[in-house]
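The following paragraphs guide the reader through a structure, beginning with its bound ligand and then turning to a group of paired strands. The sequence and the model are shown first.

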Amino acid sequence: MSVRTLRIPLPPYARRAFGAASVTAVAALAAALLPTGQAGAADSTLRSLAESKGLYFGTAMTQGDLNNSALTAVAGSQFGMLTPGNEMKWDTTEPARDSFNFAPADRLVSFAQANSMRLRGHTLVWHSQLPSWVSSLPTTQVRAAMENHITKEVAHYKGRLYSWDVVNEPFNEDGTFRSDAFYNAMGSGFVADALRTARAADPTARLYLNDYNIEGQNPKSDAMYNLVKSLRSQGVPLDGVGFQAHFVLGQIPSTFKANLQRFAALGVNVAITELDDRIQLPATASALAQQASDYAAVVRTCLAVTGCVGITQWGVGDSDSWIPGTFPGYGAATMYDANYRPKPAYTASATALGGGSGPSPTPGASCKVSGVVNAWNSGLTEDITLTNTGSTTLNGWSLAFTLPAGQTVTSSWNASLTPATGEVTAGNLGYNSTLAPGASTSFGFQANHTGDTSLPASFSLNGSPCTTA
Ligand code: XIL
């Protein structure tokens, strides 16, 4: 194959290449080359690392996710616990009074069982995703409707779920009860009633209360703490508290660990139930590094708290996350990018779980990348050569990598690059779309930089990590 290479006249430059890179740079690169869910060695998955520490690592999935084979491959191998993202909520399971629909959730339950994943049921009593027939009931009828809903839904899954989020988000930020249909009809007693009803329908599922913004010590978590204490002292069946943990980059509360500990001291389990860490887009390399440190902090906190049973991330990859739709301008909140490549947060989580210096490069890697940077004071060019080391011809290729902080692409040749910063994907052009086994192709780009002229930390081809030459 002939490859056109456009050469740009360069000012005097510093020259870097993988072949001549320092030992540290090569080691950092190797550590960043992680297995994807599909190819990961069995002993280096989040799931197995967490289990070796006595925790679970879970994810949330919705039924549409079942059609995404890249997603299901990661979910089924990297996560040992599954939470249906929407399908067990009241608006899906009982859209009309006493008319139940468990089919969507059943599909997710089947997926979990087929992959030996346990399940967290989410959620029975919640002000949101609540059909209007419930919120418009006369207050005198709400208790019967709630008990019937809990009894039938919990009975349907009896013996099959690890836990249930029985009541979700009961509190306002100031620690007062949210005035939803349940509180308005029954006062705070609806919580105990819901828990007792759930226990009667399935004595084996662990029963949880779940909320957000209760990760640190504040008026809302104080209210949850007092509720848990009161319920436990009355002998109400309550096994755990779920901390949703929808974090903002760099803002893990300093009281997170102490707060989990005070709950655990009440005799309940604690769990991180909906972890994500949102970044203001576009996600720069430094934001991804901060996110890695945030995820590691969450893992270390759970490990350090006796009674913390596990962590669930809310969604598998960045494109499955609810964040961009709910918090405009934010995203990139999970450990996997839009192509299901593990991000720095994945590496950091795995390392925090005792994964050592990181998994070795994927044995099945079918690509090799070499790169040369030519840099001057505020600019650089980078030439990248991609070799197909697999045994099948590639018909179309997409090479993904993360640009170091401060680098912004201004032009490119022999491939189309998008976006200009952060997590970049280089796609083939028409003439170089086919890459036979053993064949190489080269492309490149010019970029501005603010001091960091290093090569991208890792490359993956069509979703699988590449080795570097
Ligand atoms: C979210 C889902 O991810 C979205 O798909 C849906 O549109 C809204 O709900 N707290 C919870 C979860 O307890 O159920 C929410 O899930 C996210 C916030």
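In this predicted model, the side chain of Asn-168 places an N or O atom 2.9 Å from an oxygen atom of the ligand. The side chain of Gln-129 also has an N or O atom at 3.2 Å from a ligand oxygen atom. A nitrogen atom of the ligand, in turn, lies 3.2 Å from an N or O atom in the side chain of Gln-244. Taken on its own, the ligand has 410 Å² of accessible area, of which the protein covers 75%.

These three residues belong to the surroundings of the ligand, which also include Asn-86, Lys-89, His-122, Trp-126, Glu-169, His-246, Glu-274, Trp-314 and Trp-322. Sorted by class, this shell consists of six polar, three nonpolar and three charged residues. The site occupied by the ligand is the second largest pocket.

Attention may now pass to strand 12. This strand spans residues 367-375 and runs antiparallel to strand 13, residues 379-388, to which nine bridges join it. Three residues lie between the two strands, and together strand 12 and strand 13 form a hairpin. Within this pairing, Val-373 stands opposite Glu-382 of strand 13.

Strand 12 has a further pairing, with strand 23, residues 467-468; here the strands run parallel and two bridges join them. In this case Val-369 of strand 12 stands opposite Thr-468 in strand 23. As a general matter, side chains in a regular strand alternate between the two faces of the sheet.

How values were computed
Residues numbered from 1 in each chain as written. Predicted model: local features only at pLDDT ≥ 70, side-chain atom pairs only at ≥ 80, totals over all residues. Heavy atoms only, no water. Near = heavy atom within 4 Å. Polar contact = N/O pair within 3.5 Å; in protein donor to acceptor, adjacent residues only side chain to side chain. Areas by Shrake-Rupley, 256 points an atom, 1.4 Å probe, with all protein chains shown as cover. 1 Å grid on protein atoms, 1.4 Å probe; cavity = no way out; pocket = protein on both sides within 12 Å on 5 of 7 lines; lining within 4 Å. Sits in = over half its atoms within 2 Å of the grid points. Nonpolar A, V, L, I, M, F, W, Y, C, P; charged D, E, K, R; others polar. Pairing = 2+ DSSP bridges. Helix = DSSP H or I, 4+ residues; strand = E, 2+ residues; numbered from the N terminus.
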